[in-house]
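Thank you all for coming. I would like to walk you slowly through one structure, so please have a look at it before I begin.

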Amino acid sequence: MNRISLIIATIFVSFLFLPSCIEDDQYGEPLEVYGKGDNSRTKDIVPEEEEEEEEEENEDSQKFTELTGQYDGILYSPISPEETNDLEVTVKANENLTFDLALYDALIDGMKISGLDFKGIPSKHNEKNDSWSFSLKDLALSIEATKDGTTLPIEANVNVNGTVNQNGNLEFTVVIKEPSITLKYEGTQKK
């Protein structure tokens with residue numbers, strides 16, 4: 001019994017001296033600093049709503065990247081909509097919710113236009129009809145226009161506007177400001 005009494009007495013004395021040592025600043029800063037700044041022992045509790053928002057963003061990002069692929073459709077000029085050109089367009093939907101859009105050898109009114117390659121077009125999700133709109137303004141672009149065997153390099157200022165939906169329907173307009181050329185495209189994603 002003497003042994004058990006000695007252990008209990010030792011523990012009791014330890015508890016008496018331990019708080020006084022810390023308060024006397026013998027072991028560093030007082031306890032109050034542990035609740036502040038980088039030394040905080042408590043972590044912010046992340047509400048469950050933020051985790052749900054992240055899951056929704058991941059789902060949106062996954063749905064968005066599924067828009068990547070080849071689209072078959074028609075290209076035409078609003079000036080002469082009856083003259084259409086079958087054209088395959090390449091779309092890449094990036095994880096950062098931007099589009100890369102490429103039209104190779106677009107033919108309109110007997111003129112072949114090369115170099116219509118747009119990267120990083122910002123997009124915005126429209127929940128109402130589950131589509132993505134995209135827009136790019138005043139892009140400086142080097143293109144080539146070929147007509148009757150003559151190729152002219154053109155430094156163009158270009159605007160791009162369009163939408164694509166989860167069903168794989170793509171519509172966009174490319175406006176080249178100088179020389180003034182407007183192209184419209186309507187197509188569907190190849191499965």
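**Strand 3 and its surroundings**

Let me start with a facing pair: Phe-99 stands opposite Ile-121 in strand 6, where strands are DSSP runs of E with at least two residues, and helices are runs of H or I with at least four, numbered from the N terminus. Before going on, I should say that this is a predicted model, in which local features need pLDDT of at least 70 and side-chain atom pairs count only at pLDDT 80 or more, while totals for chains, interfaces and linings use all residues. Residues are numbered from 1 along each chain as its sequence is written, and side-chain values use heavy atoms, with hydrogens and water left out.

Strand 6 covers residues 116-126, and 5 bridges join strand 3 to strand 6 in an antiparallel arrangement; two strands are taken to pair if DSSP finds at least two bridges between them. Strand 2, residues 80-93, is likewise joined to strand 3 by 5 bridges, and these two also run antiparallel, with Thr-90 standing opposite Ala-102 in strand 3.

How enclosed is strand 3 by the rest of the structure? Of its 6 residues, 98-103, 6 are buried, so strand 3 is largely enclosed by the rest of the structure; buried here means under 20% relative accessible area, exposed means over 50%, and partly exposed lies in between, with a 1.4 Å probe and protein chains only. In a regular strand the side chains alternate between the two faces of the sheet. Here Thr-98, Asp-100 and Ala-102 point one way, whereas Phe-99, Leu-101 and Leu-103 point the other way, and all are buried.

Strand 2 and strand 3 form a hairpin with 4 residues between them. In that turn, Leu-97 has a positive phi of about 65° although it is not a glycine, and Leu-97 is partly exposed, with a relative accessible area of 30%.

Turning to the aromatic rings, the structure holds 4 aromatic pairs, where rings of Phe, Tyr and Trp (its six-membered ring) pair if their centres lie within 6.5 Å, and planes under 30 degrees apart count as stacked, over 60 as edge-to-face and the rest as tilted. The ring centres of Phe-172 and Tyr-185 are 5.1 Å apart with their planes at 25°, so this pair is stacked. It links distant parts of the chain, with Phe-172 in strand 9 and Tyr-185 in strand 10, 13 residues apart, and both residues are buried. Finally, Phe-99, with which I began, belongs to one aromatic cluster together with Phe-64, Trp-132 and Phe-134.
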